[in-house]
Structures are given as structure tokens and as C-alpha cells.
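Below are some notes for a colleague who is seeing this model for the first time. They are meant to be read beside the sequence and the 3D view.

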Amino acid sequence: MKASAKRTCYYLYPVELVWKAIGTGDNREVDPLSLEEFESQEPAPNMIFTKVLEKEENKVFAFRMKARGFIGDVRMELTPVGPCETKVVFSEVLTFRTVSTFIFGKFGLSVRDELR
């Protein structure tokens, strides 16, 4: 089962500062975990950042994360509105491992609230 949400925010800072603030300042790549590696982590971390999907300086940053009940793709698109304002469109697509995780999970609840 999949769920998605999208949100637009405006920040009164230049796009370069917003880019640094969202954690893209270093160019370190993260190797994705295999499903076996991820499963072996339980019950340790609740969420694991796994992979950069797309990165274009001052424009787009997208990454994948895994949690016990879902895999999520998060995307941030930055657009300068003026010299000191930036529009950021946040979007996420969550793929739930089971229907019950979507119905009863905290993230399922938050995504459904966002969609309303």
C-alpha cells in the first residue's frame, strides 16, 4: 500500500542558505542497506537513511529511508522567489509493508492527516 503527501513552504532566506540547512552541505554518499541488513537492524533504529536518489545543488535533494513498517522516498525542490526568499516543495511517498502498518502506524496517521 502506498501513501503520499506534498507541502509547500516559503522561507525568508536565500536559496543557498536553505540548501545548507537541509543537510546537503557535504557530498558524502550513503550506501543503501540490503533488505537483509535492514531486517537485521530490528529492533534497533526506528528509521534508517539509506540512499541519495537525486541531488542538484540549490535545486533538488531526494533520498530514501527505511523504517520497520515502510520505505519512504522524500523529495525537496527549492526555487528562489527573490534574493531573500525560497519556495520549498516537500513531497514524500511511503510504501507500507502491510496494510495494518498503514492503518495503525503513526506514519500512516500523519500521512493521512497531510492528505486531508
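1. Val 60 has Glu 77 as its bridge partner in S4. The two strands concerned, S3 and S4, run antiparallel and are joined by seven bridges. The link between S3 and S4 is a hairpin that passes through two residues. Another pairing places Met 65 opposite Gly 72 in S4. Please keep in mind that this is a predicted model.

2. Gly 72 also has a counterpart on another strand, since it stands opposite Leu 94 in S5. S4 and S5 run antiparallel, with 12 bridges joining them. Here too the connection is a hairpin, and S4 reaches S5 through two residues. Gly 72 of S4 can thus be found opposite Met 65 and opposite Leu 94.

3. How many of the eight residues of S3 are buried? The count is seven, so S3 is largely enclosed by the rest of the structure. For the protein as a whole, 30% of the 116 residues count as buried.

4. The largest nonpolar core is made of 16 residues. Those with the most contacts inside this core are Phe 61, Phe 63, Met 65, Phe 70, Met 76 and Leu 78. Two or more residues each come from helix H1 (15–21), strand S3 (60–67), strand S4 (70–82) and strand S5 (85–96). As background, nonpolar side chains in soluble globular proteins tend to be buried together.

5. The structure holds four salt bridges. One of them joins the side chains of Arg 75 and Glu 77, at 2.9 Å from N to O. Salt bridges that share partners link Glu 54, Arg 75 and Glu 77 into one network. Arg 75 counts as partly exposed at 26% relative accessibility, and Glu 77 is partly exposed as well, with a relative accessible area of 33%. Glu 77 is also the residue named above as the bridge partner of Val 60.

6. Asp 73 forms a salt bridge with Arg 64, and their closest N and O atoms are 2.6 Å apart. Are these two side chains buried or partly exposed? Asp 73 is partly exposed, with a relative accessible area of 26%. Arg 64 is also partly exposed, its relative accessible area being 28%.

7. Lys 59 and Glu 56 meet through their side chains in a salt bridge of 3.8 Å, N to O. Lys 59 has a relative accessible area of 45% and is partly exposed. Glu 56 is partly exposed at 39%.

8. Asn 58 deserves a look when backbone angles are checked. Its phi is positive, about 65°, although Asn 58 is not a glycine. Asn 58 lies in the loop between strand S2 (47–56) and S3. With a relative accessible area of 18%, Asn 58 is buried, because the cut-off for that class is under 20%.

9. Val 89 belongs to strand S5 and is buried, with a relative accessible area of 13%. Which residues does Val 89 touch, not counting those up to four places away in sequence? They are Lys 6, Arg 7, Thr 8, Arg 75, Met 76 and Glu 77. Val 89 and Lys 6 are 83 residues apart in sequence, while their C-alpha atoms are 7.1 Å apart in space. Across the protein, 50% of the contacts between residues at least 6 apart in sequence join residues at least 24 apart.

10. On the surface, Tyr 11, Tyr 13 and Leu 17 form a nonpolar patch, and together they have about 310 Å² of accessible area. Tyr 13 sits in the loop between strand S1 (2–11) and H1. In total the protein exposes about 7,500 Å², of which carbon and sulfur atoms supply 56%.

11. Last, the overall layout. The protein has four helices and five strands. Read from the N terminus on, the order of the elements is β-α-α-β-β-β-β-α-α.

Methods:
Residues numbered from 1 in each chain as written. Predicted model: local features only at pLDDT ≥ 70, side-chain atom pairs only at ≥ 80, totals over all residues. Heavy atoms only, no water. Core = buried A, V, L, I, M, F, W, Y, C linked by side-chain atoms within 4.5 Å. Buried < 20%, exposed > 50% of the residue type's maximum accessible area, 1.4 Å probe, protein only. Contact = heavy atoms within 4.5 Å. Areas by Shrake-Rupley, 256 points an atom, 1.4 Å probe, with all protein chains shown as cover. Patch = residues over 30% accessible without salt bridge, like charges linked within 9 Å, V, L, I, M, F, W, Y side chains within 5 Å. Pairing = 2+ DSSP bridges.
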